[in-house]
Amino acid sequence: MNDTQDFISAQAAVLRQVGGPLAVEPVRISMPKGDEVLIRIAGVGVCHTDLVCRDGFPVPLPIVLGHEGSGTVEAVGEQVRTLKPGDRVVLSFNSCGHCGNCHDGHPSNCLQMLPLNFGGAQRVDGGQVLDGAGHPVQSMFFGQSSFGTHAVAREINAVKVGDDLPLELLGPLGCGIQTGAGAAINSLGIGPGQSLAIFGGGGVGLSALLGARAVGADRVVVIEPNAARRALALELGASHALDPHAEGDLVAAIKAATGGGATHSLDTTGLPPVIGSAIACTLPGGTVGMVGLPAPDAPVPATLLDLLSKSVTLRPITEGDADPQRFIPRLLDFHRAGKFPFDRLITRYRFDQINEALHATEKGEAIKPVLVF
Ligand SMILES: [Zn+2]
Ligand SMILES: [Zn+2]
């Protein structure tokens, strides 16, 4: 890949050391080959996984993070059949496309999920991203590395969308919003007459609320210490928003709010005591979904007898068990019908404010920052 004609010039936010900061630098990106697509990024969301990887979850350095990109196709590799230059796409997570789980429509359980998404994936035919000094920078984080003006993704994780929606705001549908809404709709299978207790009113928790309401869930209770987020939860259709620090008996309050107990609950915190409350407020036969990233040594906060006597199912969920090529268009249809106002979760930042946007995510000052180009 020494022929300069094979590269385009771009800007990307490069992480060079654990803890950051991310530096916006000029880079050169080799043109797409095989099943790859080159995207001009319109917007990219910031997700907690970007922070976790900045702060030491093992990824090869230097690297371009970013995994909630959206934009316009500029060029495609010779094997791409479903996309062409000018198409508008949302980028989602990477998957192999041919293992048993991918084949059965569950790419979030792809047997190659970790290596393909956390920086081990390589470009087709030795394609590269080079920094200003000509040194290689790891790309293909979540099959996209979209903290930049341009990114190379694959046909399998680039989801074509219509031109009737604001493209720059659609990227979070590829991860955080899909994770929350998919947890409620796909994994918990919530529906009319059922109730959901959501622990945590951040981007994933409120997306679960939107998803549950879109499919007609009856009562949705959001448990969240931040008053502004509780107020937003009520505006977005929660039947109750409870402050866990203000309730003397939180489990009793959730049971009262759900008419005796929730048919389903969802933890977005990864904290064992919170998951303990989720198990306690769920009706016998119910399911507790778990999407929060726990500490490596966090135990399951229940005895086997607790689980058996209540027949409660614990359900760890990755990426909302979504097949992005099917689920993202479904969420956009809900949005068009006025049933999925995900844009209410978004705060816009300029690309050069990227470290500020990451900080706002960390501090909980913004629910879902999106860097707009
Ligand atoms: Zn994410
Ligand atoms: Zn697979």
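**Exercise 1.** Is Cys96 buried or exposed?

*Solution.* The model is a predicted one. Buried requires a relative accessible area under 20%. Cys96 has a relative accessible area of 13%, so Cys96 is buried.

**Exercise 2.** Which residues coordinate the zinc ion (ligand 2), and what arrangement do the four donor atoms make?

*Solution.* Step one is to list the donors: Cys96 (SG), Cys99 (SG), Cys102 (SG) and Cys110 (SG), at 2.3 to 2.4 Å. Along the chain these donors follow the spacing C-x2-C-x2-C-x7-C. Step two is the geometry. Four donors count as tetrahedral if all angles lie between 85 and 135 degrees. The angles around the zinc ion (ligand 2) are 105 to 118°, so the arrangement is tetrahedral. Step three is the burial of one further donor: Cys99, at 10% relative accessibility, counts as buried.

**Exercise 3.** Which residues coordinate the zinc ion (ligand 1), and how many residues apart in sequence are the parts that Cys47 and Cys175 tie together?

*Solution.* The donors of the zinc ion (ligand 1) are Cys47 (SG), His67 (NE2) and Cys175 (SG), at 2.1 to 2.2 Å. Their spacing in sequence is C-x19-H-x107-C. Next, place the two cysteines: Cys47 is in the loop between β3 (36-45) and α1 (48-54), and Cys175 is in the loop between β10 (158-160) and α4 (176-187), so the pair ties together parts 128 residues apart in sequence.

**Exercise 4.** What are the relative accessibility of Cys47 and the relative accessible area of Cys175?

*Solution.* For Cys47 the value is 10%, and Cys47 therefore counts as buried. For Cys175 the value is 5%, and Cys175 is buried.

Note on methods
Residues are numbered from 1 along each chain as its sequence is written. Chains are lettered from A and ligands numbered from 1 in the order in which they are written. This is a predicted model: local features need pLDDT of at least 70, side-chain atom pairs count only at pLDDT 80 or more; totals for chains, interfaces and linings use all residues. Side-chain values use heavy atoms; hydrogens and water are left out. Donors are N, O and S atoms within 2.8 Å of the metal (3.2 Å for Na, K and Ca); water is not among the atoms, so sites may look incomplete. Helices (H or I, at least four residues) and strands (E, at least two) are DSSP runs, numbered from the N terminus. Buried means under 20% relative accessible area, exposed over 50%, partly exposed in between (1.4 Å probe, protein chains only). Four donors count as tetrahedral if all angles lie between 85 and 135 degrees; four count as square planar and six as octahedral if opposite donors are over 155 degrees apart and all others between 65 and 115; anything else is irregular.
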